[in-house]
Amino acid sequence: GGGEEVRAAAAAAAARGSGYAVLQDRWFTEYDAAGAMTTVQAAVASCRARAACAGFFTKGSPPSDEDSDSIYVWFATGVETAAEAGYTAWQVEAAAGSAYQ
């Protein structure tokens with residue numbers, strides 16, 4: 001699948017120090033049905049704390065302020081994404097010391 005490009009994008013984002021990559025018009029095909037209202041930064045931290053979390057997605061465009069604007073997100077339980085207009089996915093790097101099996 002497109003996992004290699006996604007991982008490369010995430011690696012590039014990590015090199016910039018953000019720890020995540022924004023994938024416009026994409027969503028994760030496997031996710032927790034129960035979403036949550038949160039900020040992007042809090043969602044990234046929450047996702048990185050869980051080994052099984054690959055990222056999260058939301059409907060619509062990314063918020064202008066990732067620190068304070070709350071958005072409704074769904075957390076991914078798998079790494080595969082799919083193209084879907086009107087969604088934004090965040091591919092999150094695993095926290096230091098953990099790795100995908």
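Quick definition before I start: when I say two residues touch, I mean they have heavy atoms within 4.5 Å. And keep in mind that this is a predicted model.

So, let's begin with one residue, Thr 58. It sits in strand β3. Leaving aside residues up to four places away in sequence, Thr 58 touches Ile 71, Tyr 72, Val 73, Trp 74, Gly 86, Tyr 87, Thr 88 and Trp 90. Is Thr 58 buried or exposed? The cut-off for buried is under 20% relative accessible area, and Thr 58 comes in at 3%, so it counts as buried. Its side chain also has a polar partner: it reaches the backbone oxygen of Tyr 72 at 2.7 Å.

Now let's zoom out to the strands. β3 covers residues 55-59, β4 covers residues 71-75, and the two run antiparallel, joined by two bridges. If you want to find the pairing on screen, look for Phe 57, whose bridge partner in β4 is Trp 74.

Those two strands belong to an open sheet of five, ordered β1-β5-β3-β4-β2, with antiparallel pairing. Which strands stand at the edges? β1, residues 20-28, and β2, residues 36-38; each has a single partner strand, so one side of each is left without a neighbour in the sheet. From one strand to the next, the twist averages 40°.

Then there's the helix. α2, residues 40-48, packs on the sheet and touches β1, β2, β3, β4 and β5. Its direction makes about 15° with that of β4.

What does α2 turn inwards? Val 40, Ala 43, Val 44 and Cys 47 are buried there. They cover an arc of only 100° around the axis, which means they're on the same side of α2. As a reminder, an α-helix has 3.6 residues a turn, so residues three or four places apart point the same way. The cover over those buried α2 residues includes β1, β2, β3, β4 and β5.

That takes us to the largest nonpolar core, which has 12 residues, including Phe 56, Ile 71, Val 73 and Trp 90. Two or more residues apiece come from α2, β4 and β5. Which element gives the most? That's α2, with four residues.

One last thing: another core lies apart from that one, made of eight residues, among them Leu 23, Phe 28, Trp 74 and Ala 76. And yes, that's the Trp 74 that bridges to Phe 57 and touches Thr 58. That's it from me.

Conventions
Residues are numbered from 1 along each chain as its sequence is written. This is a predicted model: local features need pLDDT of at least 70, side-chain atom pairs count only at pLDDT 80 or more; totals for chains, interfaces and linings use all residues. Side-chain values use heavy atoms; hydrogens and water are left out. Two strands pair if DSSP finds at least two bridges between them. Axes are lines fitted to C-alpha atoms, for helices over the stretch in contact, and angles run from 0 to 180 degrees between N-to-C directions. Buried means under 20% relative accessible area, exposed over 50%, partly exposed in between (1.4 Å probe, protein chains only). A polar contact is a pair of N or O atoms within 3.5 Å; within protein, one must be able to donate a hydrogen and the other to accept it, and residues adjacent in sequence count only if both atoms are side-chain atoms. A nonpolar core is a set of buried Ala, Val, Leu, Ile, Met, Phe, Trp, Tyr and Cys residues joined through side-chain atoms within 4.5 Å. The arc is that of the directions from the helix axis to the C-beta atoms.
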